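Subject: Structure for your review

Hello,

Here is the structure I promised to send over. My notes on it follow below; please read them with the model open.

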Amino acid sequence: MTWEVPTRPFSFPAAAKAFWRHPAGLCATLAVVLVVIGDKYPLSNFPMYSNLGKIEDTSADLMLVTNEADRPLPMSKLFNVGSAQGKKRFESILQKVAGTKEYEDAPPDKRRAAGEAFLAKLWEARDGDDVEAFSPREFRLKIRTVAMRHGVFSDTTTEIATMTVPQPQPKKPTP
Amino acid sequence: MKSPWLTALFRTRPMHWGSAEMLIMRLLFAAVLLWAGIFWELPEAAAQVPKPEWLAMMDHGGAETMAGPESKSSANGLAAVVPLGWMVDTARSLVIQVLTGLTLILYVAGMAPVLTLLPALILMTGTGALRNSMGDISHHTQLVAMVLLAQWIVYLTAAIRQRRERPLWLRPAHQVQEQAVFWSLLTIGAGYFASGITKLEATDFAWIQRVPSMALQVMKAVWSASYSKGEPVSGFKAVTVPGWILTYPNAARLFFGTGLLLELLGPMLVMGRRRAFWTGLAIIVMHIGISVVMDIEFRNHIFLLAIFAVNIPGLILRSRRKAAATTEADGGKEQPLKTAPQSSA
């Protein structure tokens with residue numbers, strides 16, 4: 001396959017034809033189409049780590065679920081949902097309930113409602129044996145925010161919602 | 001006026017593959033589809049993904065639904081167009097799984113790919129769309145789905161063009177198989193290039209300038225993995241690496257900027273086999289680096305690059321073929337080793 005830089009005088013149709021005929025041009029065109037369409041399965045523009053904040057004012061939120069003693073529980077093992085996935089799902093619920101994905105901007109009651117709805121979904125998807133192995137009495141949904149603002153580093157954790165874990169009924173003694 | 005430098009930079013080499021190496025590519029790609037691509041086991045919640053809006057409107061006699069924000073659909077991609085909830089049970093069915101495996105064996109053998117790729121294509125795009133409609137979008141399987149879709153379109157186009165001389169259920173010509181591999185590489189390259197330009201577009205071309213804030217993203221990725229798995233965090237990843245990024249921002253810009261550059265070099269994957277090899281290998285190294293530093297793995301992307309771009313079995317087959325051709329050209333005689341200058345006496 002031979003390809004040459006279009007000769008002068010510059011002609012737009014000739015340049016467009018040369019671009020289109022070049023495999024890399026075709027590849028770039030498909031890439032632009034993906035960017036325009038965005039994240040619509042099976043297509044994607046792969047926006048991971050694209051929206052980096054400015055170093056003067058940047059933050060990152062993390063989700064964790066703890067027991068009543070504030071000890072983090074392994075989310076993937078207990079609920080089949082990782083921390084990053086869980087946070088996105090919680091944000092999706094928050095968006096529906098409070099109209100915002102930012103938990104800091106949501107009114108406390110709506111934030112709690114979204115958190116409780118999220119914990120209820122986790123409870124539905126739980127792995128019974130693993131939950132029993134950890135024997136929690138309470139699930140606490142928390143968001144940890146690590147931020148750098150104008151050179152000041154901060155690390156805060158906010159409790160969003162709690163859920164009392166239904167305890168298994170004690171087995172009746174056999175007569 | 002011609003610019004020899006630019007011409008050399010953009011010069012492409014014809015890309016051809018042998019039948020045996022393309023068979024290995026199809027075999028490995030089918031394995032990726034079966035073991036890492038299709039979501040065979042989705043949670044029940046996936047079946048409750050809201051109906052596509054057009055369908056909900058039809059249920060309401062064509063009137064717009066009075067949906068409040070809390071019931072707004074989160075259906076993504078294909079799930080926003082076609083009702084897919086039924087696919088959760090279908091994908092779990094052993095019969096369907098075996099049938100898909102059998103059709104993929106036929107695809108590997110090169111038999112009627114328009115038909116034999118179809119079950120995998122439907123299951124992959126359907127279950128993937130359901131998975132991404134559950135409130136979070138994962139980016140681990142889209143590239144596989146896009147390559148699958150690209151291959152299927154290549155086979156379909158060829159089948160339509162050659163419908164007279166080569167019916168749909170026959171094996172496509174060698175040239176069509178080559179086009180399928182070429183379009184697989186083109187799709188992979190486009191995926192990486194799209195990721196690169198999305199980064200530039202989202203930050204007003206200041207992505208590299210903002211790399212130091214990646215320190216928080218590294219911390220976030222490491223702690224997220226810890227909260228997911230319940231394992232203690234590595235001090236090196238959670239403290240030392242972010243510390244380095246903040247202490248040596250320009251070195252970090254160089255490191256992560258190389259990653260961005262590699263993404264933007266994605267189109268090199270279709271500019272000749274040698275360039276595809278080196279570009280593919282470099283991007284694989286980038287993924288391994290990200291996995292070490294940030295605990296984020298893109299195994300499917302590595303598999304695709306290894307299968308179609310690096311293509312080690314193809315290299316081995318080509319070197320053997322070259323060696324055989326050289327031996328044949330030499331008339332099968334072994335040449336004396338030129339270890340010392342031959343005396344002319």
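**Confidence in chain A**

Of the elements in chain A, helix α2 (residues 23-37) has the highest mean pLDDT, 95, and helix α6 (residues 128-134) the lowest, 80. These scores apply because this is a predicted model. Over the whole of chain A the pLDDT averages 86, and 90% of the residues score at least 70.

**Chain A in outline**

Chain A contains 6 helices and 3 strands. Along the sequence they come in the order α-α-β-α-α-α-α-β-β. The chain has 175 residues, 42% of them buried. If one takes the contacts in chain A between residues at least 6 apart in sequence, 54% of them join residues at least 24 apart. The accessible surface of the chain is about 9,900 Å², and carbon and sulfur atoms account for 54% of that surface.

**Helix α4 of chain A**

This helix covers residues 83-98, which is 16 residues. From first C-alpha to last it reaches 21 Å, close to the 22 Å expected at 1.5 Å a residue. Its buried residues include the charged-group carriers A:Lys87, A:Arg89, A:Glu91 and A:Lys96. Also buried in α4(A) are A:Ser83, A:Gly86, A:Phe90, A:Ser92, A:Ile93 and A:Leu94. After the helix comes A:Gly99, which has a positive phi, near 75°.

**Nonpolar cores**

The largest nonpolar core has 74 residues. Which residues have the most contacts inside it? They are B:Phe29, B:Ile188 and B:Phe308. Not counting residues up to four places away in sequence, B:Ile188 touches B:Leu143, B:Val147, B:Leu269, B:Leu304, B:Leu305 and B:Phe308. A second core, separate from this one, has 25 residues, among them A:Phe90, A:Leu122, A:Leu141 and A:Ile143. A:Phe90 is also one of the buried residues of α4(A).

**Helix α5 of chain B**

Helix α5 of chain B runs over residues 94-108. Its 15 residues should span 21 Å at 1.5 Å a residue, and the end C-alpha atoms are 21 Å apart, so the two values agree. The buried residues of α5(B) are B:Thr100, B:Gly101, B:Thr103, B:Leu104, B:Tyr107 and B:Val108. They lie on the same side of the helix, because they cover an arc of only 165° around its axis. The cover over these buried residues includes α2 (19-37), α6 (113-116), α7 (118-131) and α8 (142-161) of chain B. On the face of α5(B) turned away from the buried side are the exposed residues B:Leu94, B:Val95 and B:Ile105.

**B:Thr279**

B:Thr279 sits in helix α13 (residues 273-294) of chain B. Is B:Thr279 buried or exposed? Its relative accessibility is 8%, so B:Thr279 counts as buried, the cut-off being under 20%. Neighbours within four places in sequence aside, B:Thr279 is in contact with B:Leu265, B:Met268 and B:Leu269. B:Leu269 is also one of the residues that B:Ile188 touches.

**Where to be careful in chain B**

Chain B has a mean pLDDT of 87, and 89% of its residues reach 70 or more. Over residues 66-72 of chain B, however, the pLDDT is below 50, and this stretch has 3 contacts in the model beyond near neighbours in sequence. Residues 336-345 of chain B also stay under 50, with 1 contact beyond four places in sequence. Predicted coordinates should not be read in detail where pLDDT is low.

Regards

Note on methods:
Residues are numbered from 1 along each chain as its sequence is written. Chains are lettered from A and ligands numbered from 1 in the order in which they are written. This is a predicted model: local features need pLDDT of at least 70, side-chain atom pairs count only at pLDDT 80 or more; totals for chains, interfaces and linings use all residues. Side-chain values use heavy atoms; hydrogens and water are left out. Helices (H or I, at least four residues) and strands (E, at least two) are DSSP runs, numbered from the N terminus. The expected span of a helix is 1.5 Å times one less than its number of residues. Buried means under 20% relative accessible area, exposed over 50%, partly exposed in between (1.4 Å probe, protein chains only). A nonpolar core is a set of buried Ala, Val, Leu, Ile, Met, Phe, Trp, Tyr and Cys residues joined through side-chain atoms within 4.5 Å. Contact means heavy atoms within 4.5 Å. pLDDT is the predictor's confidence in each residue, from 0 to 100. Accessible areas come from the Shrake-Rupley method with a 1.4 Å probe; for residues, only the protein chains shown count as cover. The arc is that of the directions from the helix axis to the C-beta atoms.
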